[in-house]
Amino acid sequence: DDVEQEVATGSLPGWDRVEEHVRAAHERYRGNDDGAVADYIPVLAEADRSLFGVCVAESGGAVHAVGDADVEFSVQSISKAFVYALVCEAYGHEDVLERVGVDSTGLAFNSVMAVELHDGHPRNPMVNAGALATTALVPGASFAEKWENVRTGLSRFAGRSLELDGVVYRSESATNMRNKAIARLLESYGRIEVDPLEVVDVYTKQCALRVSARDLAVMGATLADGGVNPVTGERVVSAQVCRDTLAVLASTGMYERSGEWLFEIGLPAKSGVAGGIVAVAPGKGAIGTYSPPLDPAGNSVRGQRATAYLSRTLGLNLF
Ligand code: DON
């Protein structure tokens, strides 16, 4: 917003300046106290609103972290991007597209009406209905196996073993009637072919995986790097899957603000209600941020500002 766009050149400045810009982004927005911490999942309301971490991971493997970049929080909806990638890897572009569309619903992320309006066809894998239909497709002979495939898959993106936050999982499990209703509705339309409540359980666990801003940056940099984790060197998904996933993030990753986000910030991104954001610059790297206070659309206030600043000063933005 208050950053001039003069450096949106599409090329990166010398790496010696990345560290400096990441520090400047943190310094610039740490005093911002706008926004409200999410409370519809009871335990999220207890988050410390002053926490603020910023991290840039380059597709070459260097990682620059500032502030509370190693504080862990629940990944929440950001998991949707990476589970979508894993499912695309397992089934391929066509099969997944047939089951879950790639368009914004124009409605809230937990909308039931969005399902009803399109004959039960979930249009958007980045909101709850489409994400539940996506999680239902995760390979595995049992739900325990599906969960383990989600956990290990996201861990490969992060380059370390991610663990479940049991407190967040239980808190959300006790209050997720709406997601259960959406899953049952999808079942009624034949869009979920396995036990819908078990799917909600795996989905609730995937949302409760603990990550840091550093993890988000590395996970995003894996998508930026054509599917190879730039820190571990491991191939996690194919390059084709990365482009599929990034296209979906560009159009639908930031809830109902996705168009405005692309217009102002110019990068595919995904946010979560615990306060995380990951933004991906294909071929260059990714920005991971964490700060709990959210704007009315559900996106972290400081995270959006810091991402905007870095996308411009580092020339990461596509547009
Ligand atoms: O299902 C939920 O409501 C949360 N586990 C995730 C919410 C979130 O981050 C918003 N999603 N687009």
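Domain bounds, as used below, come from an automatic or database domain assignment. Keep in mind that this is a predicted model. Let's work through it together!

**Exercise 1. Find the two domains and state which of them supply the shell around the ligand.**

*Solution.*
Step 1: Start with the division of the chain. Domain 1 covers 16-74 + 211-313, and domain 2 covers 78-207.
Step 2: Locate them in space. Their C-alpha centres lie 21 Å apart.
Step 3: Look at the contact, which takes 34 residues from domain 1 and 28 residues from domain 2.
Step 4: Turn to the ligand. Its surroundings are Gln76, Ser77, Phe109, Asn110, Val127, Asn128, Glu172, Asn179, Cys207, Gly272, Val273 and Gly298.
Step 5: Sort this shell by class, and you get seven polar, four nonpolar and one charged residues.
Step 6: Now combine the shell with the domain bounds: domain 1 and domain 2 each give at least three residues to it.

**Exercise 2. Describe the side of domain 1 that touches domain 2, and say which element gives the most to it.**

*Solution.*
Step 1: Recall that the contact takes 34 residues from domain 1.
Step 2: List elements that each supply at least two residues to this side: helices H10 (213-224) and H11 (239-252), together with strands E5 (269-271) and E6 (276-281).
Step 3: Pick out the top contributor. H11 gives the most, with eight residues.
Step 4: Check the chemistry: this side has 15 nonpolar, 15 polar and four charged residues.

**Exercise 3. Put the strands of the open sheet in order and name its edges.**

*Solution.*
Step 1: Follow the five strands across the sheet, and you read E2-E1-E7-E6-E5, with antiparallel pairing.
Step 2: Find the strands that pair on one side only; these edge strands are E2 and E5.
Step 3: Note the twist, which averages 10 degrees from one strand to the next.
Step 4: See what packs on the sheet. Helix H13 (residues 301-313) touches E1, E5, E6 and E7, and its direction makes about 155 degrees with that of E7.

**Exercise 4. Work out the surroundings of strand E1 (residues 53-58).**

*Solution.*
Step 1: Begin with E2 (residues 63-67), which pairs with E1 over five antiparallel bridges. Cysteine 55 has alanine 65 of E2 as its bridge partner.
Step 2: Inspect the link between them. E1 and E2 form a hairpin with four residues in between, and glycine 61 in the turn has a positive phi of about 110 degrees.
Step 3: Move to E7 (residues 285-290), which pairs with E1 in the antiparallel sense over six bridges. Here valine 56 is partnered by isoleucine 287.
Step 4: Think about the side chains. In a regular strand they alternate between the two faces of the sheet. In E1, Gly53, Cys55 and Ala57 point one way, Val54, Val56 and Glu58 point the other way, and all are buried.
Step 5: Conclude: six of the six residues of E1 are buried, so the strand is largely enclosed by the rest of the structure.

**Exercise 5. Is helix H5 (residues 128-136) mostly covered or mostly uncovered?**

*Solution.*
Step 1: Count the buried residues: nine of the nine in H5, so by the cut-off of 20 or more other C-beta atoms within 10 Å the helix is mostly covered. Among them are Asn128, Leu132 and Thr135.
Step 2: Identify the packing partners. The buried residues of H5 pack against helices H2 (78-91), H3 (93-99), H4 (113-116), H8 (177-188) and H9 (196-207).

How values were computed: Residues numbered from 1 in each chain as written. Predicted model: local features only at pLDDT ≥ 70, side-chain atom pairs only at ≥ 80, totals over all residues. Buried ≥ 20, exposed ≤ 12 C-beta atoms within 10 Å, placed from the backbone. Pairing = 2+ DSSP bridges. Contact = placed C-beta atoms within 7 Å. Nonpolar A, V, L, I, M, F, W, Y, C, P; charged D, E, K, R; others polar. Near = placed C-beta within 6 Å. Axes fitted to C-alpha atoms, helices over the stretch in contact; angles between N-to-C directions.
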